[in-house]
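The following questions and answers go through a single protein chain. Each answer ends on the value or name asked for.

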Amino acid sequence: MRFPSLGTGLLALVVTAVVCIPGAQADPPVDPAGPAPAVPAAPTAEDVQAAQERAGAAEGDVAVIQQRLADAAARLDAATIRAARATEAWNGARWSARNARAAARQATADAAVADQTLAVHKEAFRDAVITAQGMGLDISVVEALVSADGMDTLLEQSSASEYVQSLFDQRRDEYVAAASAAATAAETATAAAEEADRALADARAARDEARAAARDAEAVTARIEGRRTKLVRRLARLQGVSVAVARARQEAVDAEAAAEAAAAVRAAEAEQAAQDKAADKTADEKEPGGQEPAADEPAPAPADGAQAAIAFARAQLGEPYRWGAAGPGAWDCSGLVAQAWAAAGKALPHYSVAQYEQSTPIGRDQLRPGDLVFWADGGKPSSIFHVALYAGDGRIIHAPRTGRPVSEESIDYWRTPDFFARP
């Protein structure tokens, strides 16, 4: 959206002032019986030139202010992304720590079971030794059991000794296996506990980084919003409109710029996809006996409970953003999505990267209400830092950032999304 130049309107206003208001005071009432009032002098070339210069200066001021507003928006955007990355890194570290603690608990339980099994087999082996002694066998022959000669000697003694040998071998093998399993389980439990400790330390470090980034984002947001308010007021004075109208105009300009940028990215992606398809077709034609490329696999059916997830998210509209929050009353992006889908009966982690990994990737043209929309800064799913719930009709519901509450808005309100998935 582009608004008309101020030059013509302002010039007309100045010329009118020169022609119709030569003095600071209003003209006195005209006496019908008195002499006719003097006709105001026509503006001189100098008057017109001065008016043009003032109009040009005002228009230049508007351009400067609009550029400053764009710069402020860019700084706010950068701070938002830094804070979002830090928040999702913390969510990911918390998720990893929870998984590590669960693995440690399971490993400890497995080690306890292995110890119990070992105790049982140890007792059985002891009984086998006692039985061997009761049969009059010398326990010193236990070592001979591992050699062919020793086993042959025992086999030659009697059927009873053969039975004892078999029992002894079995109990011995079970004991050895149980001892090995117990040792392995103990090692696994120790390693899992150490990993849980490392994951917890990583989570604490990520929490501190997220807290610092959030504070920085809050400070930047407050500073920039204050600056934007002053700039919009100046813009309103220069344009001769109310502050509300100036703000609405600027928001429209920002929205159109974002939409144009998103459209340009989509056009570039479509062009690249067409080029890739043409290149693949050419390669298939050149390759003898080439096969037709496989058709894209259809997207899965829309997820059950999508409307319930959307209804839950809409019920939170207007509630504040808070990093690491998953309600009630405050949310971050992945916390809102996780709880929305929990209300629909599906568990998703409070971590945007894992939400993508545990869903089915789809294309933008396959989006259906309830699907997930992701933003990343590295071109890979591992770099995802923001997620929203697709509401249909090109709109999303999400917890945007510090200073902005849960909102429903265009999918292209900001920058072009990078990934899409169906829970």
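Q: Is Arg 198 buried, exposed or partly exposed?
A: This is a predicted model, in which local features need pLDDT of at least 70, side-chain atom pairs count only at pLDDT 80 or more, and totals for chains, interfaces and linings use all residues. Residues are numbered from 1 along each chain as its sequence is written, and side-chain values use heavy atoms, with hydrogens and water left out. Buried means under 20% relative accessible area, exposed over 50% and partly exposed in between (1.4 Å probe, protein chains only). Because its relative accessibility is 45%, Arg 198 counts as partly exposed.

Q: Which residue forms a salt bridge with Arg 198?
A: A salt bridge is a side-chain nitrogen of Lys or Arg within 4 Å of a carboxyl oxygen of Asp or Glu. The partner is three residues apart from Arg 198 in helix 4, so about one helical turn separates the two. That partner is partly exposed, at a relative accessible area of 39%. With the closest N and O atoms 2.8 Å apart, the residue paired with Arg 198 is Glu 195.

Q: How many helices and strands does the secondary structure of the protein chain come to?
A: Helices (H or I, at least four residues) and strands (E, at least two) are DSSP runs, numbered from the N terminus. From the N terminus on, the elements run α-α-α-α-α-α-α-α-β-β-β-β-β-β. The secondary structure therefore comes to eight helices and six strands.

Q: How many residues apart are Arg 85 and Asp 377, which link distant parts of the chain?
A: The side chains of Arg 85 and Asp 377 meet in a salt bridge of 2.7 Å, N to O. Arg 85 is in helix 2 (45–134), and Asp 377 is in the loop between strand 2 (372–376) and strand 3 (384–392). Arg 85 is partly exposed at 37%, and Asp 377 is partly exposed at 35%. Along the chain, the two are 292 residues apart.

Q: Which strands hold Glu 408 and Arg 395?
A: Glu 408 and Arg 395 form a salt bridge whose closest N and O atoms are 3.8 Å apart. The pair ties together parts that are 13 residues apart in sequence, because Glu 408 lies in strand 5 (residues 407–410) and Arg 395 in strand 4 (residues 395–398).

Q: What is the count of salt bridges by this rule?
A: Side chains of opposite charge can pair when their charged atoms come close. Arg 207, Asp 208 and Arg 211 are linked in a network of salt bridges. By the 4 Å rule, the count comes to 10.

Q: Which element gives the most to the positive patch?
A: Patches are made of residues with over 30% relative accessible area and no salt bridge, like charges being joined within 9 Å and nonpolar side chains (Val, Leu, Ile, Met, Phe, Trp, Tyr) within 5 Å. The positive patch includes Arg 68, Arg 75, Arg 223, Arg 227 and Lys 230. Arg 227 is partly exposed at 35%. With six residues, the element that gives the most is helix 4.

Q: Which element supplies the largest share of the core, and how many residues is that?
A: A nonpolar core is a set of buried Ala, Val, Leu, Ile, Met, Phe, Trp, Tyr and Cys residues joined through side-chain atoms within 4.5 Å. The largest one has 54 residues, and those with the most contacts inside it are Trp 341, Leu 372, Phe 374, Ile 384 and Leu 389. Helix 2, helix 4, helix 7 (333–343) and strand 3 are among the elements that each supply at least two of its residues. The largest share comes from helix 4, with 13 residues.

Q: How many of the residues of helix 7 are buried?
A: Cys 333, Leu 336, Val 337 and Trp 341 are among the buried residues of helix 7. Helix 7 is mostly covered, and of its 11 residues the number buried is eight.

Q: Which residue has a positive phi although it is not a glycine?
A: The residue sits in the loop between strand 3 and strand 4. At 79% relative accessibility, it counts as exposed. With a phi of about 55°, the residue is Asp 393.

Definitions and conventions
Accessible areas come from the Shrake-Rupley method with a 1.4 Å probe; for residues, only the protein chains shown count as cover. Lys and Arg count as positive and Asp and Glu as negative; His and the chain ends are not counted. The place of a charge is taken as NZ of Lys, CZ of Arg, CG of Asp or CD of Glu.
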